[in-house]
Amino acid sequence: MDATKKPAAPEIVSIPYPNGAIYLEYGITGAFSGGWYRNYGETQGLYQWQGEMGYFYRPWFEGGIGFKMNAGEPSDSSQKVRNRFFLIGRFHKAWTRLGGYAGLQLGVDNLNVSLSSLDSGNFRKPFQETNAGLGVEFGLAWKFSRYAGITLGHRFEFSFVGEKDSSGNAVNFRIFPGLAFDLLPLLPSLRENVKAFYFFGELQFGRLILENVSNRRDMAWISGISLAF
């Protein structure tokens with residue numbers, strides 16, 4: 001045996017979660033993904049980017065931050081960017097290959113920046129339309145093999161500012177099934193510094209279930225990577 005050879009770092013059991021999140025007993029996790037978003041009330045789709053970063057204070061509690069951005073060229077004459085920035089708090093219960101969580105999201109949403117308002121010098125309007133948002137989320141995951149796992153998430157999003165011409169609050173229900181692949185067994189050189197490394201894909205189905213004026217459906221697909229340290 002070569003005495004100069006460093007021993008391999010021990011493997012840390014991790015479970016992939018919806019939206020690229022990862023379960024660990026302790027550590028820092030991060031995810032970034034992108035894809036395509038379609039509101040069935042619009043004739044064209046938008047690009048979608050989202051990400052999050054979390055820290056496990058206890059094996060049963062995680063806190064962090066996240067964002068979601070839809071941007072592109074919708075069917076109206078002005079280009080818009082729609083963002084949601086939020087704080088995350090999740091309570092976890094996990095076994096060797098199975099895990100679940102329930103949590104809250106609190107932040108700001110509907111920060112719509114249009115090129116027309118910027119050109120006219122009306123910088124205050126996008127911020128006047130911004131308000132608080134609250135999300136209640138649930139997630140399940142089953143890592144059925146060393147290399148892959150399936151995920152399923154549910155989220156209720158309560159937006160305290162109406163969409164489009166509505167003055168009422170908006171409530172969205174979303175469900176997002178996904179599949180994640182564990183890349184760390186294929187990259188043993190990373191194990192000294194990385195606790196988990198996944199590539200994931202996900203479908204997202206949404207429905208606006210309460211608004212004074214309209215009712216709509218939307219869907220998106222995303223893919224990305226997630227890491228834990």
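A charge sits over a ring if NZ of Lys or CZ of Arg is within 6 Å of the ring centre and within 35 degrees of the ring normal. Keep that one handy for the first close-up. This is a predicted model, where local features need pLDDT of at least 70, side-chain atom pairs count only at pLDDT 80 or more, and totals for chains, interfaces and linings use all residues. Residues are numbered from 1 along each chain as its sequence is written, and side-chain values use heavy atoms, with hydrogens and water left out.

**View 1. Two arginines sit over tyrosine rings.** R90 lies over the face of Y101, at 5.0 Å from the ring centre. R217 does the same kind of thing with Y40, lying over its face at 4.7 Å from the ring centre.

**View 2. Y55 and Y57 make an edge-to-face pair.** Rings of Phe, Tyr and Trp (its six-membered ring) pair if their centres lie within 6.5 Å; planes under 30 degrees apart count as stacked, over 60 as edge-to-face and the rest as tilted. The whole structure has 13 aromatic pairs. In this one, the ring centres of Y55 and Y57 are 4.8 Å apart and the planes stand at 90°, so the pair is edge-to-face. How buried or exposed are they? Y55 has 38% relative accessibility, so it counts as partly exposed, and Y57, at 45%, is partly exposed too (buried means under 20% relative accessible area, exposed over 50%, partly exposed in between, with a 1.4 Å probe and protein chains only).

**View 3. Y57 also pairs with F61.** This pair is tilted, with 6.2 Å from centre to centre and 35° between the planes. F61 is at 24% relative accessibility, so it counts as partly exposed. Zoom out a bit and ring pairs link Y55, Y57, W60, F61 and F91 into a cluster.

**View 4. The largest cavity has a volume of about 150 Å³.** Which residues are closest to its centre? Of the 15 that line the largest cavity, they are N19, Q50, F67, F86 and R155. The elements giving two or more residues to this lining are β4 (46-58), β5 (61-71), β6 (80-94), β10 (148-159) and β11 (170-182). Strands here are DSSP runs (E, at least two residues), numbered from the N terminus. On a 1 Å grid over the protein atoms alone, a cavity is a set of points where a 1.4 Å probe fits but cannot get out, and lining residues have an atom within 4 Å of a point. Grid points are joined across faces, edges and corners, and the volume is the space filled by probe spheres set on the points.

Technical notes
1 Å grid on protein atoms, 1.4 Å probe; cavity = no way out; pocket = protein on both sides within 12 Å on 5 of 7 lines; lining within 4 Å. Helix = DSSP H or I, 4+ residues; strand = E, 2+ residues; numbered from the N terminus.
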